[in-house]
Amino acid sequence: MKDLSAWQKYPAIREMYDIMRDDIIANAQAAGLSEMREIQLELGIEEMLINIISYAYDDSGDVWIRARKEDFFFRLDFADHGRPFNPLSEERCLPEGLSAEDREEGGLGIQLVRKNFDRMEYVYDDFQGAKANILSLWLKMV
């Protein structure tokens with residue numbers, strides 16, 4: 001397990017997804033996150049990391065991850081130097097009663113993360129010497 005209490009850099013590639021996820025989960029377990037909340041955490045990890053890996057960069061790039069207990073929350077931060085993208089900027093209304101095939105593509109994963117996390121913040125700011133997308137998620141420990 002890599003200690004994620006400080007920013008850790010990973011290549012933003014699919015082959016690294018399992019390692020990043022496992023490091024985050026191990027840090028969450030070490031912090032005392034409940035098993036019930038761990039499922040919600042995994043949803044956020046998958047949605048955010050897959051989006052960064054798939055869409056942030058045209059070529060290769062990196063993602064930085066930080067995860068730690070903060071008061072009564074487990075806080076997870078992602079940063080990347082990819083193209084600016086605020087996943088919180090669009091408030092999508094997901095019509096009820098539509099099948100998955102009939103729904104407009106995109107946005108469902110972010111909505112599920114919004115529903116399952118207690119707080120989310122996005123900034124496009126200086127990070128590691130350049131502008132970066134920085135997304136923070138907070139999940140109650142129990």
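So, glutamine 40 and arginine 37: their side chains are joined by a polar contact of 2.7 Å. Bear in mind that this is a predicted model. Glutamine 40 has a second one as well, a polar contact of 3.2 Å between its side chain and that of asparagine 116.

Where does glutamine 40 sit? It's in helix α2. And is it buried or exposed? The relative accessible area comes out at 17%, and the cut-off for buried is under 20%, so glutamine 40 counts as buried. If we skip its neighbours within four places in sequence, glutamine 40 is in contact with Asn116, Phe117 and Leu139. So Asn116 turns up in that contact list as well as in the polar contact I just mentioned. One more for this spot: leucine 112 is 72 residues away from glutamine 40 along the chain, yet the two C-alpha atoms are separated by 9.3 Å.

Okay, zooming out to the sheet. There are five strands, the sheet is open, and the order goes β1-β2-β3-β5-β4, with antiparallel pairing. Who's at the edges? That's β1, residues 8-11, and β4, residues 119-127; each has a single partner strand, so one side of each has no neighbour in the sheet. From one strand to the next, the twist averages 25°.

As a reminder, strands in a sheet pair through backbone hydrogen bonds, parallel or antiparallel. Take β3, residues 73-80, with β5, residues 130-140: they pair in the antiparallel sense over eight bridges. If you want one to find on the screen, look at phenylalanine 78, whose bridge partner in β5 is leucine 135.

Now the helices. α2, residues 35-56, is the one carrying glutamine 40. This helix lies across β2, β3, β4 and β5, and runs at about 5° to β3. α1, residues 17-31, lies across β1, β2 and β3, and its angle to β3 is about 155°.

What about the length of α1? Its 15 residues at 1.5 Å each should span 21 Å, and the end C-alpha atoms are 21 Å apart, so the two agree.

Which residues of α1 are buried? They are Tyr17, Met20, Asp23, Ile24, Ile25, Asn27 and Ala28. Those buried residues pack against β1, α2, β2 and β3. And right after α1 comes glycine 32, with a positive phi, near 95°.

That's my tour; over to you.

Methods. Residues numbered from 1 in each chain as written. Predicted model: local features only at pLDDT ≥ 70, side-chain atom pairs only at ≥ 80, totals over all residues. Heavy atoms only, no water. Pairing = 2+ DSSP bridges. Helix = DSSP H or I, 4+ residues; strand = E, 2+ residues; numbered from the N terminus. Axes fitted to C-alpha atoms, helices over the stretch in contact; angles between N-to-C directions. Contact = heavy atoms within 4.5 Å. Expected span 1.5 Å × (residues − 1). Buried < 20%, exposed > 50% of the residue type's maximum accessible area, 1.4 Å probe, protein only. Polar contact = N/O pair within 3.5 Å; in protein donor to acceptor, adjacent residues only side chain to side chain.
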